[in-house]
Amino acid sequence: MGINIDYREIYKNEEINYRNLLSSLEKSFHRKDFFFPDIVLVDSVFTEGFAKSVGAFHDNILIGITTLVLKPEGSYIKEIGENNKKICEVRNGFVDLKYRGNGIAYEIMKELLKLACNYEFDIVIVKVHPENIAAVKVVEKEFVAVKNIYVADNIPRTLYKKIIVK
Ligand SMILES: CC(C)(COP(=O)(O)OP(=O)(O)OC[C@H]1O[C@@H](n2cnc3c(N)ncnc32)[C@H](O)[C@@H]1OP(=O)(O)O)[C@@H](O)C(=O)NCCC(=O)NCCS
């Protein structure tokens with residue numbers, strides 16, 4: 001893509017832009033079983049420091065975001081098979097419809113992996129609906145599939161992991 005995109009962590013001053021982008025894209029998330037914005041998670045990025053987000057900016061306009069959850073929850077965390085390892089989770093990734101298919105989600109994910117390394121995590125996990133081709137393609141560039149699981153309402157997810165090399 002012949003345009004410059006900047007990737008950086010999103011702080012409190014971007015909160016309105018974050019929420020505006022998410023609501024403007026609501027109609028583009030037509031498969032609710034693929035992606036349903038987790039507003040509680042968005043709140044936690046800005047209030048509790050429990051999650052960190054990285055954004056993509058075109059001419060200083062926010063066009064894509066993904067979040068790293070520093071304290072992931074779920075029974076599958078224990079099943080990941082690595083005792084005493086620090087685990088974090090990539091979640092809530094989305095890119096403005098107009099910009100999709102240009103490698104932006106992948107670049108954001110690489111920034112999140114750097115962040116995970118800086119925070120001294122050992123393993124990063126991510127869950128993707130197996131039919132969400134775009135998301136699967138992005139994730140499989142860095143992660144390996146571990147197992148098939150179900151999340152709320154029996155929605156399928158492939159659980160992936162990546163071991164951070166320090
Ligand atoms: C998933 C999403 C974040 C990807 O963003 P993106 O910036 O377009 O991703 P990238 O450009 O880095 O990569 C997308 C890949 O999927 C491919 N792709 C996209 N749609 C596709 C389709 N319908 N069929 C086949 N391949 C497809 C692209 O060609 C690209 O592959 P490549 O890198 O091998 O060329 C974006 O599609 C999105 O916002 N979707 C809605 C929200 C969502 O589902 N989030 C994921 C939750 S786990």
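1. Two strands are said to pair if DSSP finds at least two bridges between them, and that usage applies to the hairpin discussed here, which belongs to a predicted model. Strand β6, covering residues 144-151, and strand β7, covering residues 155-163, pair in the antiparallel sense over seven bridges. Within this pairing, Tyr150 stands opposite Pro156 of β7. Three residues lie between the two strands of the hairpin, and there Asp153 takes a positive phi near 60°.

2. The loop between β6 and β7 also holds Asn154, which is not a glycine and yet has a positive phi of about 60°. Is Asn154 buried or exposed? Asn154 counts as exposed, because it has 7 C-beta neighbours inside 10 Å, and the cut-off for exposed residues is 12 or fewer.

3. A further positive phi in a residue other than glycine, near 55°, belongs to Asn92, and this residue is found in strand β4 rather than in the β6-β7 loop. Asn92 has 21 C-beta neighbours inside 10 Å and therefore counts as buried, given that a residue needs 20 or more to be placed in that class. A colleague looking at the backbone may wish to view Asn92 alongside Asn154, since the former is buried, whereas the latter is exposed.

4. On the ligand, the shell consists of 20 residues, and the closest of them are Phe35, Arg100, Ala105, Tyr106 and Ala134. Which elements each supply at least two residues of this shell? They are β4 (87-95), α4 (104-118) and α5 (133-139), and of the elements α5 gives the most, with five residues. Sorted by class, the surroundings of the ligand comprise 13 nonpolar, five polar and two charged residues.

5. As for the overall fold, the protein chain contains five helices and seven strands, and along the sequence these follow the pattern β-α-α-β-β-α-β-α-β-α-β-β. The radius of gyration of the protein chain is 15 Å, close to the 15 Å that the globule rule gives for 166 residues, so the chain is as compact as a globular protein of that length. Along its principal axes, the C-alpha trace spans about 45 × 35 × 30 Å.

6. Two totals for the protein chain complete this note. Buried residues make up 26% of its 166 residues. Of the contacts with a separation of 6 or more, 65% are accounted for by residues 24 or more positions apart.

Methods. Residues numbered from 1 in each chain as written. Predicted model: local features only at pLDDT ≥ 70, side-chain atom pairs only at ≥ 80, totals over all residues. Near = placed C-beta within 6 Å. Helix = DSSP H or I, 4+ residues; strand = E, 2+ residues; numbered from the N terminus. Nonpolar A, V, L, I, M, F, W, Y, C, P; charged D, E, K, R; others polar. Rg over C-alpha atoms; globule rule 2.2 N^0.38 Å. Contact = placed C-beta atoms within 7 Å.
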